[in-house]
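Please open the model in your viewer and keep the sequence panel beside it. The tour below goes from one selection to the next and says what is there at each stop.

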Amino acid sequence: MSDHWAKEADRLLNDATLKGVLDNMRQEALEKLAAESADDKTQILWWQAHVATIDNIRAELRARILRTETATDGPSPYA
């Protein structure tokens, strides 16, 4: 993985605007999820998917950083 990917991922994770937008979107989805009727499984799944997507965006950015760090550290002594 390119060092460029890691730098961009780190920049995005630390970007205050993006962080604020994702935080607000996630909070809104959690609030909507909490307010949903327990009988409306479609809407429950919809809001759960929103939260999971936001969490996955952050997880993928962190993974890009870790993959680059691992690749530049050389082979694992445990392999």
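## First stop: a lysine at the surface

Select K7, which is exposed because its relative accessible area is 53%, where exposed means over 50%, buried under 20% and partly exposed in between, with a 1.4 Å probe and protein chains only. Before going further, note that this is a predicted model, in which local features need pLDDT of at least 70 and side-chain atom pairs count only at pLDDT 80 or more, while totals for chains, interfaces and linings use all residues. Residues are numbered from 1 along each chain as its sequence is written, and side-chain values use heavy atoms, with hydrogens and water left out.

Now add D3 to the selection, and look at the ends of the two side chains, where D3 and K7 meet in a salt bridge at 3.2 Å, N to O. A salt bridge here is a side-chain nitrogen of Lys or Arg within 4 Å of a carboxyl oxygen of Asp or Glu. Both residues lie in helix α1, 4 residues apart, about one turn of the helix. D3 counts as partly exposed because its relative accessibility is 42%.

## The whole chain

Zoom out and colour by secondary structure, and the protein shows 3 helices and 0 strands, with the elements running α-α-α from the N terminus on. Helices (H or I, at least four residues) and strands (E, at least two) are DSSP runs, numbered from the N terminus.

Next, colour by pLDDT, the predictor's confidence in each residue, from 0 to 100. The mean for the protein is 88, and 85% of its residues reach 70 or more. Confidence is highest in helix α2 (residues 16–35), at a mean of 97, and lowest in α3, at 90. Where pLDDT is low, the predicted coordinates should not be read in detail.

With a surface displayed, the protein exposes about 5900 Å², and carbon and sulfur atoms supply 57% of that area, as computed by the Shrake-Rupley method with a 1.4 Å probe. Of the 79 residues, 15% count as buried. Among contacts (heavy atoms within 4.5 Å) between residues at least 6 apart in sequence, 65% join residues at least 24 apart.

## Back along α1

Select S2, which is placed in the segment before α1 (3–13) and counts as partly exposed because its relative accessibility is 33%. Then add R67, whose C-alpha atom is separated from that of S2 by 9.2 Å, although the two residues are 65 apart along the chain.

Move on to R11, in helix α1, and select E8 with it, since the side chains of R11 and E8 meet in a salt bridge of 2.9 Å, N to O. The two lie 3 residues apart in this helix, about one turn. R11 is partly exposed, because its relative accessible area is 44%, and E8 is also partly exposed, at 29% relative accessibility. To look across the fold, add L61, which is 50 residues from R11 in sequence and 9.6 Å from it in space, C-alpha to C-alpha.

## Into α3

Which residues does R58 touch, not counting those up to four places away in sequence? Select R58 in helix α3 (residues 41–72), and display its contacts, which are with L13, K19, L22, D23 and R26. R58 counts as buried because its relative accessibility is 14%. Two of the residues it touches, K19 and D23, are linked with R58 in a network of salt bridges.

Continue in helix α3 to D55, which is partly exposed because its relative accessibility is 30%. D55 and L22 are 33 residues apart in sequence and 8.9 Å apart in space, C-alpha to C-alpha.

## Last stop: R64

Select R64 and E60, whose side chains meet in a salt bridge of 3.0 Å, N to O. Being 4 residues apart in helix α3, they are separated by about one helical turn, and E60 counts as partly exposed at 35% relative accessibility. Then add W5, because R64 lies over the face of its ring, at 4.3 Å from the ring centre; a charge sits over a ring if NZ of Lys or CZ of Arg is within 6 Å of the ring centre and within 35 degrees of the ring normal.

To finish, show every salt bridge at once: a search of the whole structure finds 7. Side chains of opposite charge can pair when their charged atoms come close.
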